[in-house]
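Me: I have a structure open and a few things to ask about it. Can we go through them one at a time?

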Amino acid sequence: MELTKKALCLAGIAVAVVSGVCYPKGNVSGKVYNKETGEPMDFVTVQLWDADGKKPLQINGVTGDDGSFVLRNVPDGSYMVKITNVGSVNQERSVTVRGGDVSVGNVNLADDAKLLKEVVVEGVRSQMRFELDRKVFQVDSNIASAGSSASELLESIPSIEVDQDGEVSLRGNSSVTVWINGKESGLTADNRAQILEQISAESIDRIEVITNPSAKYNPEGTAGIINIILKKNRRGGYFGSAELSANTRGGGNVSANINWNTRKWDTFASVGFRMRHNNGGSLMNRDFDDGTFVHSNGRSRNHGNNIFFRLGATYHLTDNDEFYLNGFGMFGHRWGSTRSDYESTRPGQWATDFQLSRNRSDNRGAHGEFGYTHRWSDTHTLDAVVSYNHWGGPSFNSYEETETWPASGSDPAIGLNPATGSRLSDSSEAEAEARTVSSYRSQDMPINSNSWEAKIDYSNVINQYLKVEAGFNGNYSHENTPNTTYRGTDEASAVLDQALYNRFIYTNNISALYFTLGGKAGIFSYSAGLRGEAWQVKARSLTYGQSKDDVTPFKKNNFSLFPSVYLSFALPRDNELQVNYTRRIRRPWGGQLNSFKNISDPTSVSYGNPELQLQYSNSFELNYLKSWTYHMISVSAYLRQSSDIMNHVSFIDNDVMYTTWANVSSQINSGVELVGKNQLFRGYLDLTTTVNLYNSHISAWDYSLTAPSGQTVTMSGKKQNSFAWDARVMANVKLPWEMSFQATGRYSSEHKTATGSHQGGWSVDAGLRKTLGNWSFSLNCRDIFNSRKWKNSVNGLGYVERSERWRAGRTLRLTIKYSFGNMKAKKSRQHSSEEPMEQDYNGGEI
């Protein structure tokens, strides 16, 4: 009885509290048209002000393709709605919200003849906007996107780094998930860099950065999610564009896209061809405590060409039902060569070694999806989609070496077998004179990776206080990749080396269910969710002559829960405070688990660790937003605690460095990200500044393993704190004569790892765009000062290694783009309701 009374008392208090903050709200909507032509106007700014029109509020938006807008969750009261557009006479409408929705009707904007006569300025859409759980970057506003690849485009996005190998990191963390259209789309840690290099930036609409995703989304990647949204325009009629570019390194790009939309069908198609040429280089200095060393330097030349295409169609069966079939594919060929000179003073090792390595590969990828969407209303939907992904193609690498051995009274080794740590052959007699030894080896590795993905997402906004989301997500992938090595004194004499044959068979099946609740009451918004994932990993590493039945698979079954909580408070004077928590995971991928030894470098051998464990992270963020009419500041404080960190560990065995993966430590990362957006000089200068300040605490660790020679190697590291920072400034300037200029500068400081450090770096890019009717001309210069380099250091047992790598360098690129078709006609809506709707990106947003 007493418990019942207490429960009733608590329930009463809860009801009283909720009732105290649940103020009535409504939506303010309308449509904007051009007064002279009668056509709907898109990208028109709609801002809510106080009733006197003296103070802007933190509720705003832009019109969609059909000219409609909706300002949601406006508290009861009287307001002024201001509709503004460059080159138009601005309009104002007074509205009063009383517990329901309000429409301002149709608003007609007249051209401002005086303004258009005095100054002709190209309207540029804002490059970045903030949403509750993500930052959104519009690609068409980024001049650097002209003629570039997705990989190059990501380099211009704040908080994102792309290294020489195309590997992506977010806030200094490489454990990041990259999606295309809200799905994995076949991207893995193995192939992500190559796929992003083949996608043209012209095909991308926007990029979403989600640093702390909710339980609705895949928890893979402790740093968060980068979601690449490809273009899918919903305008009526036909329209499209064609682009041609060339750069000073002999590369280029040609692409075209077309859309044809009717009342029942939305269709699109695009195709692009890219050609790449670039130079690169590397330096490595490995210095031992006894004064000996191994040094190297290399020069590389790489080439590539590929075709990337997209096709898709959506059929609107009824006003509430639609089916869609989308896909993209790519075919590419890459080739290149690297010349490396090695010098060594280590006893029992060659004095010099010249290596000529060549590589070539064919890349074939495809993604296809079929989906169905049902809408009970704009806020009550069900979406189901199934997709298939393939990535593969033959890959070949060859290595020709010429070793010079010093005069010695001992038995000189022709070389060491890096895979086993044993000598390849020994002379039976002492050699008194120096000699030269030539060798050749090659590797064939045809990649074959396939996956299926299925998603069901249900969403229902029951009222302004409660939103329900639930769904299923399954991803089932399989890889079967053989690696065959040939050895000899030259190419003609090379024969199969059975000891270095490997076939890696890897299966990873993940099934997940999620459920979230969210809503808004007064100044308070919330979202809480739980995701449960069950997955199974199976891996086999086969040697020569073995079949799958001969090898017992390495097998693990796992289940884990991933909660998330989001809280947001709208404070007076256009201030907003957000706090959120999520649990995330980093799973080992195939290459990290494969024990096969890569011998491409004669002084360094890398291999995977099948015993690698999962890495879990708990992530907290506190976000503060403050906006003014022409200024905005965002402050994000974050804390991420990770256990069983996956890290590279290196050791020396028989004068050969070995590098593998291990769970070596725990880590706490904390930091502050500052983002400022300022429109200056009446909007002619748009300045976006991002500064990251972060500290990393790595606990003390020790790790033991068995070296290829059979020796036990123990490595350890002391606890350490490392402070680092990076900054990026992007300036966009509107110029007369329909021209715009953009410059981006970035800097990153040194930051520590468990076994060494990554050095800092800086670079500057700039671009100029001229618009002339349906034509646009862009001139970009990437890495103006040839400063884009990657430097690392490793502290090992008895040695220190420092390395430096670079590629490409200063590059000028000219891009010409032509837009054609019915660029202004808008698609007629099927919905019978006269109420405006928010623009829908089917399959486009996660």
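Me: Is N181 buried or exposed?
Reply: N181 is buried, with a relative accessible area of 15%. Keep in mind that this is a predicted model. The word is used because the cut-off for buried is under 20% relative accessible area.

Me: Where does N181 lie?
Reply: N181 is in the loop that runs between β12 (176–180) and α4 (192–198). Its phi is near 55°, which is a positive value in a residue other than glycine.

Me: What about D644, what is its phi?
Reply: D644 has a positive phi of about 50°, although D644 is not a glycine. It sits in the loop between β34 (631–643) and β35 (646–653).

Me: And is D644 buried or exposed?
Reply: Neither word fits, because D644 has a relative accessible area of 38% and counts as partly exposed.

Me: New topic. Which residues make the nonpolar surface patch?
Reply: L317, F323, L325, F370, V386, Y388 and W452 make it, and the patch covers about 640 Å². Two strands, β19 (321–344) and β21 (380–393), each supply at least two of the patch residues.

Me: Where is Y388 in that?
Reply: Y388 is in strand β21. Y388 is partly exposed, at a relative accessible area of 30%.

Me: Which strands does β21 pair with, and how many bridges are there?
Reply: β21 pairs with strand β20 (residues 352–377) in the antiparallel sense, over 13 bridges. β21 also pairs with strand β24 (residues 447–463), again antiparallel, over 14 bridges. β20 and β21 form a hairpin, with two residues between them.

Me: Which residues stand opposite each other there?
Reply: One pair is A366 and H390, with H390 in β21. On the β24 side, S387 has E453 as its bridge partner.

Me: What holds paired strands together, in general?
Reply: Strands of a sheet pair through backbone hydrogen bonds, and the pairing is either parallel or antiparallel.

Me: OK, what about β27, what does it pair with?
Reply: Strand β25 (residues 466–488) is joined to strand β27 (residues 502–521) by 17 bridges, and the two run antiparallel. β27 is also joined to strand β28 (residues 524–542), by 19 bridges, antiparallel as well.

Me: Which residue in β27 is the bridge partner of N475?
Reply: That is I510. In the pairing with β28, I505 stands opposite R540.

Me: What sits in the turn between β27 and β28?
Reply: The two strands form a hairpin with two residues between them, and G522 in the turn has a positive phi of about 65°.

Me: What is the strand order in the open sheet of three strands?
Reply: The order is β4-β1-β7, with mixed pairing. The edge strands are β4 (68–75) and β7 (102–109), and each of them pairs on one side only. The twist averages 20° from one strand to the next.

Me: How many bridges join β1 to β4?
Reply: Six bridges join strand β1 (residues 25–34) to β4, and these strands run antiparallel. In that pairing, V28 has L71 in β4 as its bridge partner.

Me: Last one: what does S245 touch?
Reply: Leaving out residues up to four places away in sequence, S245 touches G147, G252, N253, R813, L814 and T815. S245 is found in strand β15 (residues 237–247). S245 is buried, with a relative accessible area of 6%.

Methods
Residues numbered from 1 in each chain as written. Predicted model: local features only at pLDDT ≥ 70, side-chain atom pairs only at ≥ 80, totals over all residues. Heavy atoms only, no water. Pairing = 2+ DSSP bridges. Helix = DSSP H or I, 4+ residues; strand = E, 2+ residues; numbered from the N terminus. Axes fitted to C-alpha atoms, helices over the stretch in contact; angles between N-to-C directions. Patch = residues over 30% accessible without salt bridge, like charges linked within 9 Å, V, L, I, M, F, W, Y side chains within 5 Å. Areas by Shrake-Rupley, 256 points an atom, 1.4 Å probe, with all protein chains shown as cover. Salt bridge = Lys/Arg side-chain N within 4 Å of Asp/Glu carboxyl O. Buried < 20%, exposed > 50% of the residue type's maximum accessible area, 1.4 Å probe, protein only. Contact = heavy atoms within 4.5 Å.
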